[in-house]
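Let's take a walk through this chain and see what holds it together. Have a look at the fold first, then read on.

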Amino acid sequence: MLRNTSPLTAAATAAAIAAVAALGAAGTASADPPAAGRTPTCDVSGLQASLSDKGGHQNGMSHEGTVLVLTNTSARTCALRGYPGLQLEDAQHRAVTTHTTWGSTYFIPDPGKNTLLIRPGGSAEAALAWAHADAPLMVRAGYLRVTPPASHGFLTIPFEKTVTNGDLSVTAFARSVDVS
């Protein structure tokens, strides 16, 4: 189950689309001019998901954290804005109990939603954190499904972790996450 603590309204969605269109029309991101003055939203077919050990692994008080990275593997600049959807899977790729909270994590403050134009080979980062303290429900994950913002598809990456109650917290995507 995914829990969205920051629901998008129709007005917010329209504002996000307008912001992406304005940025694309300004030509701020790419040598390839977007069709009709708009930068397309990043799609799973042109993205790769990974976890980074940038700055070392975050550990403390029964919490762990890492940096989730989406890299543009397409030949075109694409736009990304907001939070990823997350779903834990077991070792056989079956969905298991997952609760995702959008915002600040135990380690990193939330940068908030910003429209990012990701050039080919460029990337965006989000902080991802979870607890591994004893609780009645300890979810053993083997993989993590990552649904990019405004996407219906997902990417799957290895994630061999034990997660208290299946609770994950994740920030919005940003150019870079400072884990210092």
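## A strand-rich chain and its ties

Start with C42, which at 2% relative accessibility counts as buried. C78 is buried as well, with a relative accessibility of 6%. These two cysteines form a disulfide, with their sulfur atoms 2.0 Å apart. A search of the whole structure turns up one disulfide, and the torsion about the S-S bond of C42 and C78 is about 85°, so it is right-handed. C42 sits in the loop between α1 (10-25) and β1 (47-52) while C78 belongs to strand β4 (residues 78-80), so the pair ties together parts that are 36 residues apart in sequence.

Keep in mind that this is a predicted model. Stepping back to the overall layout, the chain has one helix and 13 strands. The helix comes at the N-terminal end of the order, and the strands follow it: α-β-β-β-β-β-β-β-β-β-β-β-β-β. Of the 180 residues in the chain, 42% are buried. Among contacts with a separation of 6 or more, 78% are between residues 24 or more positions apart.

**Charged pairs**

Side chains of opposite charge can pair when their charged atoms come close. How many salt bridges does the structure hold? There are three salt bridges, and here they are side by side.

| Salt bridge | Closest N to O distance |
|---|---|
| E64 and K161 | 3.5 Å |
| E89 and R145 | 2.4 Å |
| D90 and R94 | 2.9 Å |

The salt bridge of E64 and K161 links distant parts of the chain, 97 residues apart: E64 is in strand β3 (residues 63-72), and K161 is in the loop between β11 (155-158) and β12 (162-164). E64 has a relative accessible area of 13%, so it counts as buried. K161, at 25%, is partly exposed.

Now for E89, which is found in strand β5 (residues 85-89). Is E89 buried or exposed? Its relative accessible area is 2%, so E89 is buried. What does E89 touch, leaving aside residues up to four places away in sequence? The contacts of E89 are R94, A95, V96, R140, A141, G142, Y143, R145 and T156. With R145, E89 also forms a salt bridge, the closest N and O atoms being 2.4 Å apart. E89 lies in strand β5 and R145 in strand β10 (residues 143-147), so this pair ties together parts that are 56 residues apart in sequence.

R145 has another partner to look at: it lies over the face of F154, at 4.9 Å from the ring centre.

As for the remaining bridge, D90 pairs with R94. D90 is buried, with a relative accessible area of 11%.

**Aromatic pairs**

A pair of aromatic rings is described by the distance of the centres and the angle of the planes. The structure holds three such pairs. One of them is Y83 with W102, a stacked pair at 5.1 Å centre to centre, with 5° between the planes. Y83 lies in the loop between β4 and β5 and W102 in strand β6 (residues 99-102), so the pair ties together parts that are 19 residues apart in sequence. Both Y83 and W102 are buried.

Y106 and F107 make an edge-to-face pair, because their ring centres are 5.0 Å apart and their planes stand at 80°. Y106 is partly exposed, with a relative accessible area of 43%, and F107 also counts as partly exposed, at 25% relative accessibility.

**Nonpolar cores**

Which residues touch the most other members of the largest nonpolar core? Those are L88 and L144, in a core of 31 residues. Strand β8 (residues 123-131) gives the most to this core, with four residues. There's also a second, separate core of six residues, including V69, I108, A127 and V179.

Key: Residues are numbered from 1 along each chain as its sequence is written. This is a predicted model: local features need pLDDT of at least 70, side-chain atom pairs count only at pLDDT 80 or more; totals for chains, interfaces and linings use all residues. Side-chain values use heavy atoms; hydrogens and water are left out. A disulfide is a pair of cysteine sulfur atoms within 2.5 Å. Helices (H or I, at least four residues) and strands (E, at least two) are DSSP runs, numbered from the N terminus. Buried means under 20% relative accessible area, exposed over 50%, partly exposed in between (1.4 Å probe, protein chains only). Contact means heavy atoms within 4.5 Å. Rings of Phe, Tyr and Trp (its six-membered ring) pair if their centres lie within 6.5 Å; planes under 30 degrees apart count as stacked, over 60 as edge-to-face and the rest as tilted. A charge sits over a ring if NZ of Lys or CZ of Arg is within 6 Å of the ring centre and within 35 degrees of the ring normal. A salt bridge is a side-chain nitrogen of Lys or Arg within 4 Å of a carboxyl oxygen of Asp or Glu. A nonpolar core is a set of buried Ala, Val, Leu, Ile, Met, Phe, Trp, Tyr and Cys residues joined through side-chain atoms within 4.5 Å.
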